[in-house]
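Colleague: Please choose one part of this model and take me through it slowly, from the pairing of its strands to the packing of its side chains. I would like the cut-offs stated wherever a term first appears.

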Amino acid sequence: MGIISGLMGNASQTNIEDVKKDYAKLLGQNEKVIQAYQWIRDLMIFTDYRLILVDIQGATGKKVNYHSIPYKNIRHFEVESAGHFDLDAELKIWVADMGSTPLVKTFSKDADVYRVQALLAQCIGR
């Protein structure tokens with residue numbers, strides 16, 4: 001991930017093997033990491049069962065929030081690709097029982113936002 005992109009709050013694809021190793025304790029038996037995206041410290045992890053949002057908090061990063069969203073609870077999603085002058089792409093996810101306000105994540109122009117959309121479509125359609 002580029003430093004500038006991270007500082008701007010944009011996610012980039014990250015190494016799946018590192019994520020598998022670092023977050024193995026979060027995964028259920030036979031649960032597999034499909035893809036992961038990283039902001040400076042925070043992560044969005046796609047597994048074959050759920051979406052995990054990792055929010056590392058505070059200056060030391062010792063406090064961590066793990067938000068697990070089963071794919072069946074995702075009602076719909078929207079992906080907006082980056083343009084010529086708009087340097088980032090955006091993902092909005094509407095989750096059941098969270099009201100009408102979506103979760104919003106911003107991705108760098110380098111991240112394949114179409115891959116993110118395909119992953120969500122594949123996982124939700126199971």
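**The β3-β4 hairpin and its surroundings**

Modeller: β3 and β4 form a hairpin with two residues between them, where strands and helices are DSSP runs numbered from the N terminus (E, at least two residues, for strands; H or I, at least four, for helices). Everything here comes from a predicted model, in which local features need pLDDT of at least 70 and side-chain atom pairs count only at pLDDT 80 or more, while totals for chains, interfaces and linings use all residues. Residues are numbered from 1 along each chain as its sequence is written, and side-chain values use heavy atoms, with hydrogens and water left out.

The two strands of the hairpin pair in the antiparallel sense over four bridges (strands count as paired if DSSP finds at least two bridges between them), and within this ladder Phe 46 stands opposite Leu 51 of β4. On its way onward, β4 pairs with strand β5 (residues 63-70), again in the antiparallel sense, over eight bridges, with Leu 53 set opposite His 67 of β5. The hairpin of β4 and β5 has five residues between the strands, and there Gly 58 takes a positive phi near 75 degrees. β4 is mostly covered, with six of its eight residues buried; buried means under 20% relative accessible area, exposed over 50% and partly exposed in between, for a 1.4 Å probe and protein chains only.

The hairpin also contributes to the largest nonpolar core, which has 21 residues, and Met 44, Phe 46, Leu 51, Ile 93 and Phe 107 are those with the most contacts inside it. Such a core is a set of buried Ala, Val, Leu, Ile, Met, Phe, Trp, Tyr and Cys residues joined through side-chain atoms within 4.5 Å. At least two residues of this core come from each of β3 (43-47), β4 (50-57), β7 (88-95), β8 (103-108) and α3 (113-124), and the largest share, five residues, is supplied by α3. Apart from this largest core lies another one, of nine residues, which includes Leu 43, Ile 45, Ile 52 and Ile 56.

Two of the central residues deserve a closer look. Leaving aside neighbours within four places in sequence, Met 44 is in contact (heavy atoms within 4.5 Å) with Gln 35, Ala 36, Tyr 37 and Trp 39, with Leu 51, Ile 52 and Leu 53, and also with Leu 91, Lys 105 and Phe 107. Of these partners, Gln 35 is found in strand β2 (residues 33-38), and its relative accessible area of 3% places it among the buried residues. Gln 35 in turn reaches several parts of the chain: neighbours within four places excepted, its contacts are Gln 13, Thr 14, Ile 16, Met 44, Ile 45, Phe 46, Arg 115 and Leu 119.

The second is Phe 46, which counts as buried at 0% relative accessibility. A search of the whole structure finds one aromatic pair, and it is formed by Tyr 37 and Phe 46, edge-to-face, at 6.3 Å centre to centre with 85 degrees between the planes. For this purpose, rings of Phe, Tyr and Trp (its six-membered ring) pair if their centres lie within 6.5 Å, and planes under 30 degrees apart count as stacked, over 60 as edge-to-face and the rest as tilted. Tyr 37 is likewise buried, with a relative accessible area of 0%.

From Phe 46 the picture extends to helix α3, where Leu 120 lies. The C-alpha atoms of Leu 120 and Phe 46 are separated by 8.5 Å, although the two residues are 74 residues apart along the chain. Leu 120, buried at 0% relative accessibility, touches Phe 46, Ile 74, Phe 77, Leu 91 and Ile 93, if residues up to four places away in sequence are not counted.

Ile 93, named above as a residue of the core, has Leu 103 in β8 as its bridge partner, and β7 and β8 pair in the antiparallel sense over six bridges. These two strands belong to an open sheet of three, in the order β6-β7-β8, with antiparallel pairing. β6 (74-80) and β8 stand at its edges with a single partner strand each, so one side of each is left without a neighbour in the sheet.
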